[in-house]
Amino acid sequence: SPASLFNHAGNGHQIKVNKAAAADTASLLFQSNWTGHAEMGLAGSNDFSIKVSSGGTWNTGLSISPAGHVSRPSQPAVRAHRTGTSFAPAAGQQSGFTTLALNQGGFALGAAAPGGGNRIVVPAGGLYLLGLNVSVLTSSGHTTSLMLNGSQTLIFMNGVAGGAQIQSATGIFFLSSGDFLTLAHAGTAQLELGVGKTELFLTML
């Protein structure tokens, strides 16, 4: 049939899909040539979810708990930092990160950066909120830039000569799948490393 119609002459109409237990499934499955590509309903729990698949692995795009809490478990989000206590980058070099303290949606560490650490590789195209924190122990005057694909400056921060200081900046940018992010350094500074120190965060909007 090219279409189905469920109609009622009164005040309303419901389609009920019931399951016996929470671990069972009550859902609508959408197929192409008899292969499932999208599903919505109560799939294996009492959370309402919307899942998609390319024909193999299923990924949950949206989940709503019985309390009404909404989550997007495949939405790209990451917090990245570099291990160690401090780091004095060479002027003109680009550096990267070694640890993904939080990683959702497929971010990865890519090729090594000349100044140590690795590139952060973007898993999916879209608008992202980016934030960069730089914790400086000492400086004789420096700049730190967040670079897209090694050549385009997304965020630029100009430090001052002196002792300990914290620099933070945020912005919204469009990133493509496969893009990579690094830090570019100029001047002379000793940066403090670790969680909550010099770190990068991204989340897809």
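**Exercise 1. Salt bridges**

In this predicted model, which holds 2 salt bridges, identify the residues that form them and state which partners are buried or partly exposed.

*Solution.* Begin with the pair of E199 and R79, whose side chains meet in a salt bridge with an N to O distance of 2.9 Å. This pair links distant parts of the chain, since E199 belongs to strand β16 and R79 to strand β6, and the two are 120 residues apart. Next, take the accessibility of each partner: E199 has a relative accessible area of 8% and is therefore buried, the limit being under 20%, whereas R79, at 31%, counts as partly exposed. The other salt bridge joins E192 to K197, with the closest N and O atoms 3.3 Å apart. Here E192 counts as partly exposed at 22% relative accessibility, and K197 counts as partly exposed at 30%. As a general point, side chains of opposite charge can pair when their charged atoms come close.

**Exercise 2. The largest nonpolar core**

Determine which residues of the largest nonpolar core touch the most other members, and which element gives the most to this core.

*Solution.* The largest nonpolar core has 28 residues, and those touching the most other members are Y128, L130, L146, L175, L181, L200 and L202. The elements that give two or more residues to this core are β6 (77-81), β12 (126-148), β13 (152-158), β14 (165-175), β15 (180-192) and β16 (199-204). Of these, β12 gives the most, with 7 residues. To see how one member is surrounded, consider L181: leaving aside residues up to four places away in sequence, L181 touches R119, I120, L130, L146, M147, L148, L154, L200 and L202. In general terms, nonpolar side chains in soluble globular proteins tend to be buried together.

**Exercise 3. The pairing of β12 and β13**

Describe how β12 and β13 run relative to one another, how many bridges join them, and which residue of their hairpin takes a positive phi.

*Solution.* The two strands, β12 and β13, run antiparallel and are joined by 6 bridges. Within this pairing, L146 stands opposite I155 in β13. The hairpin has 3 residues between the strands, and N149 takes a positive phi near 55° in it.

**Exercise 4. Neighbours in β3 and β2**

S49 and I50 both have their place in strand β3; decide for each whether the residue is buried or partly exposed, and then work out what G36 of strand β2 touches.

*Solution.* Strand β3 covers residues 48-53 and includes S49. Because the relative accessibility of S49 is 6%, S49 counts as buried, while I50, at 34%, counts as partly exposed. It is a general feature of a regular strand that the side chains alternate between the two faces of the sheet. S49 touches E39, M40, G41, A43, T60, L62 and S63, residues up to four places away in sequence not being counted. I50, for its part, belongs to a nonpolar patch on the surface together with F6, I15, V17, L28, F30, M40 and F48, and the accessible area of this patch is about 750 Å². Both β1 (25-32) and β3 supply at least two residues of the nonpolar patch.

Turning to strand β2 (residues 35-43), G36 lies in this strand and is buried, with a relative accessible area of 16%. The residues that G36 touches, again not counting those up to four places away in sequence, are L29, F30, Q31, S53, G55 and W58. The C-alpha atoms of G36 and V52 are separated by 8.3 Å, the two residues being 16 residues apart along the chain.

Technical notes
Residues are numbered from 1 along each chain as its sequence is written. This is a predicted model: local features need pLDDT of at least 70, side-chain atom pairs count only at pLDDT 80 or more; totals for chains, interfaces and linings use all residues. Side-chain values use heavy atoms; hydrogens and water are left out. Helices (H or I, at least four residues) and strands (E, at least two) are DSSP runs, numbered from the N terminus. Buried means under 20% relative accessible area, exposed over 50%, partly exposed in between (1.4 Å probe, protein chains only). Contact means heavy atoms within 4.5 Å. Patches are made of residues with over 30% relative accessible area and no salt bridge: like charges are joined within 9 Å, nonpolar side chains (Val, Leu, Ile, Met, Phe, Trp, Tyr) within 5 Å. Accessible areas come from the Shrake-Rupley method with a 1.4 Å probe; for residues, only the protein chains shown count as cover. A salt bridge is a side-chain nitrogen of Lys or Arg within 4 Å of a carboxyl oxygen of Asp or Glu. A nonpolar core is a set of buried Ala, Val, Leu, Ile, Met, Phe, Trp, Tyr and Cys residues joined through side-chain atoms within 4.5 Å. Two strands pair if DSSP finds at least two bridges between them.
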